[in-house]
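Dear colleague,

Please find the structure below. A short account of what was found in it follows.

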Amino acid sequence: MSFHAEPVTWKPSGEMWPHWRVGNHCRWDPPRQRKETDTTGEGPPHNMRVLVTGAGGALGRQLVEGLQQEHEVLAGFRTRKPEHARGRVVQFDLEEPTGIRQLLRDVGEVDAIVHCAAIARPKECEEDPEKARKINVPKQIVEALQESGREACLFIQISTDQVYEGTGTMYKEVDDTKPVNVYGKTKLEAEQYLRENWPNHVILRSSMIYGKAIQGVGFFTDFVQEALSTYAPGGQPTDFFEDEYRCPIYAPDIAAIISIVLRKNKEGTLHNRTFNMGGPQRLSRVDMACLIAEARGYSKEAIRCVRSASISRGVQSPLDISMDITRLREELGFTPTAFADALKSIYS
C-alpha cells in the first residue's frame, strides 16, 4: 500500500476522487438576504461580500466555514454542494464563459473573490494539459470582471508550492520559479496572468493542506489515519516518502490568513502581493505519518519509509518545496499552527 498523492476527497469507506469535477450548467439555490449588520445578537456583522469558488472541495468548505463567521460568503461549487454554507450557494462551470458572466451578474457586487477551484491533481493535469490550463488560469473570471467594470474587487488566488523546482529548500517568494509538472506550470501561469491583468490581487502559494473533514470531504490526514488504524501486527505497512518535503498548513489557518488579507486590502494597505503560505515546519510524508501515529496511538510499524523514485506516479514531483514564510509572518502578523498542535484540534 502506498501513500503519495496530493490531498484527496475522502469518505469513511475509503473511496477517493478529485476535488473538482466538470459539469454542464449554472444553478442558483434560493438566495438569502444580505445583512450589513447583525442587530439580533445571533451572529457577527457581515464586513465584506466574498465569493469562494471551489466551495465544494476540501479547502473550499473550510474557507466557507471560517469566512462566514465574519463575512457574507457566496459559495460557488461545481458538483458537491457545500451544505454547511449559510449564504447564497451557486453551481457554475468554469469552462463555460457564459456561465461565469451570468454568475457575476446574479451575485451583484462582491468585495473579493477567493479562487480555490482548480484541477489540483498533478497526474490529471499531465493527462490533459489544455484542460488544466483552461481551468487553472482564471482568464475567464478576470475577463468577466473587466467587462463588468469591477476593478475594486480583490482577487485572492490560491496558488501552490509546486511553482518551485524542488532542488533547493526553504524557498522565498523572490526565488526563481521553475515548476517541473503541468500542474505547477498552470498555477504559475495563473500568477503571471493576474499580475499582468488584475492589479488588485493577492497570491497565496499554498503548501500541502490538512485539516478536519467537513461532511465527509477531507484531506490526506484522513487517509493516513485510515491506513494506520487498519494496520494489524505483521500486516502490510503503508509506504510514505522520506525524501519529499513540504510545509503542511492547517486549513483553518488559511481562512484566518484570508481574513487578514481581506481586512488589509479594505484598509488600502495590501494588494499586488505574493505570499508563501505554509506551516512553520519542514516535514516529509514520513514525518507527518509518524506525528499522526503518535497523536492517535498507532503503531509506527504501519509506516514504511521509501524513496519517491521507487514508485511511478506518471508525473514528475518536486523533492523539496519547503517554503520560508517570513513575509507572511511579518506583513500579515500571523504564525501558522504547528502540525502536532493542529492534530490535537483535529482529533479532539
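Contact here means heavy atoms within 4.5 Å. Helices (H or I, at least four residues) and strands (E, at least two) are DSSP runs, numbered from the N terminus. The model is predicted, so local features need pLDDT of at least 70 and side-chain atom pairs count only at pLDDT 80 or more, while totals for chains, interfaces and linings use all residues. Residues are numbered from 1 along each chain as its sequence is written, and side-chain values use heavy atoms, with hydrogens and water left out.

In α1, Leu59, Gln62, Leu63, Gly66 and Leu67 meet Ala251, Pro252, Ile254, Ala255, Ile258, Ser259 and Leu262 of α8. These contact residues comprise nine nonpolar, three polar and no charged (nonpolar: Ala, Val, Leu, Ile, Met, Phe, Trp, Tyr, Cys and Pro; charged: Asp, Glu, Lys and Arg; polar: the others, Gly among them). The axes of α1 (residues 58-67) and α8 (residues 251-266) come within 9 Å and cross at roughly 55 degrees; axes are lines fitted to C-alpha atoms, for helices over the stretch in contact, and angles run from 0 to 180 degrees between N-to-C directions.

Two further helices have buried residues, that is, residues under 20% relative accessible area (1.4 Å probe, protein chains only). In α4 (residues 129-136) these are Ala132, Ile135 and Asn136. They fall within an arc of 85 degrees seen down the axis of α4, so they line one face of the helix; the arc is that of the directions from the helix axis to the C-beta atoms. Their cover includes β8 (112-115) and α6 (182-197).

Yours faithfully

Definitions and conventions: Buried < 20%, exposed > 50% of the residue type's maximum accessible area, 1.4 Å probe, protein only.
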